[in-house]
Amino acid sequence: MRRRLLIQVIAIAALPLFAAPAFTAGEGGSSGGQTTSQCKTGQVWDKKKKKCVTPQYGMLDDDSIYEAGHDLAMAGRYDEAISVLTLAANKQDPRILNYLGYSHRHSGRVTVGLGYYEEALRIDPNYTLVREYLGEAHLQIGDLAGAQQQLMEIEKRTGKGSREYGMLSEQIDHFLRS
């Protein structure tokens, strides 16, 4: 089900960019396995209607958009993630802002990514995953002091045992060794 949603969101985001056929694969819900569905160009599979439809803005809720954008970003498909995440109705959702920052940063637009991270922290200063990624962005531009500041902020909020602290600490150590 999650895979089908992800593919639906990808198709919605990619339509204006590529104007290519949209394909979706469904995984079985309570009804068991479902075959792969192929829609015409410009259409996506609607799981509620169980047919191909022309996508419209607002078709998916922000939680679904976040999950799909996150999954695309983690798969290294940054431009697709950006396209999906920009469909969110709530442009001030720190989760959405975080992965917009992450995707822009990994696409080489570090300064744009920094802006999204800063906006996410303005809304939720305790969002330590943003702080971890912000620290990594500082390292990308050679700003060790900025990364260390984010590490201290994470430590204040979650301690040294948190995943975010460990990840950023490891990145700082790697930066210092190279």
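Is Arg95 buried, partly exposed or exposed, and what is its relative accessible area? In this predicted model, Arg95 is partly exposed, with a relative accessible area of 24%. The cut-off for buried is under 20%, and exposed begins over 50%, so a value of 24% falls in between.

The overall fold comes next. The protein chain contains 8 helices and 4 strands. From the N terminus, the order of elements is α-β-β-β-β-α-α-α-α-α-α-α. The four strands thus follow one helix and precede a run of helices. The chain has 178 residues, and 47% of them count as buried. Its exposed surface comes to about 9400 Å². Carbon and sulfur atoms supply 52% of that area. Among contacts with a separation of 6 or more, 49% join residues 24 or more positions apart.

The interior was examined for nonpolar cores. The largest nonpolar core has 28 residues. Ile96, Tyr99, Tyr102 and Tyr117 have the most contacts inside this core. Five helices each give two or more residues to the core: H2 (62-74), H3 (78-85), H4 (94-106), H5 (110-123) and H6 (128-140). Another core, of 7 residues, lies apart from the largest one. Its members include Leu151, Ile154, Tyr165 and Leu168. Within the largest core, Ile96 is one of the residues with the most contacts. Leaving aside neighbours within four places in sequence, Ile96 is in contact with Asp62, Ile65, Tyr66, Leu85 and Ala88.

Charged pairs were considered next. Side chains of opposite charge can pair when their charged atoms come close. The whole structure holds 9 salt bridges. In one of them, Asp63 pairs with Arg95, with the closest N and O atoms 2.8 Å apart. Asp63 belongs to helix H2 and Arg95 to helix H4, so this salt bridge ties together parts 32 residues apart in sequence. Asp63 is partly exposed, at 42% relative accessibility. Arg77 and Glu80 also form a salt bridge, at 2.8 Å from N to O. Arg77 is partly exposed, at 36% relative accessibility.

A further salt bridge joins the side chains of Glu119 and Arg122, at 2.6 Å from N to O. The two residues are 3 apart in helix H5, so about one helical turn separates them. Glu119 is partly exposed, with a relative accessible area of 22%. Arg122 counts as exposed, at 55% relative accessibility. Elsewhere, salt bridges with shared partners link Asp63, Asp93 and Arg95 into one network.

Conventions. Residues numbered from 1 in each chain as written. Predicted model: local features only at pLDDT ≥ 70, side-chain atom pairs only at ≥ 80, totals over all residues. Heavy atoms only, no water. Core = buried A, V, L, I, M, F, W, Y, C linked by side-chain atoms within 4.5 Å. Buried < 20%, exposed > 50% of the residue type's maximum accessible area, 1.4 Å probe, protein only. Contact = heavy atoms within 4.5 Å. Areas by Shrake-Rupley, 256 points an atom, 1.4 Å probe, with all protein chains shown as cover. Salt bridge = Lys/Arg side-chain N within 4 Å of Asp/Glu carboxyl O.
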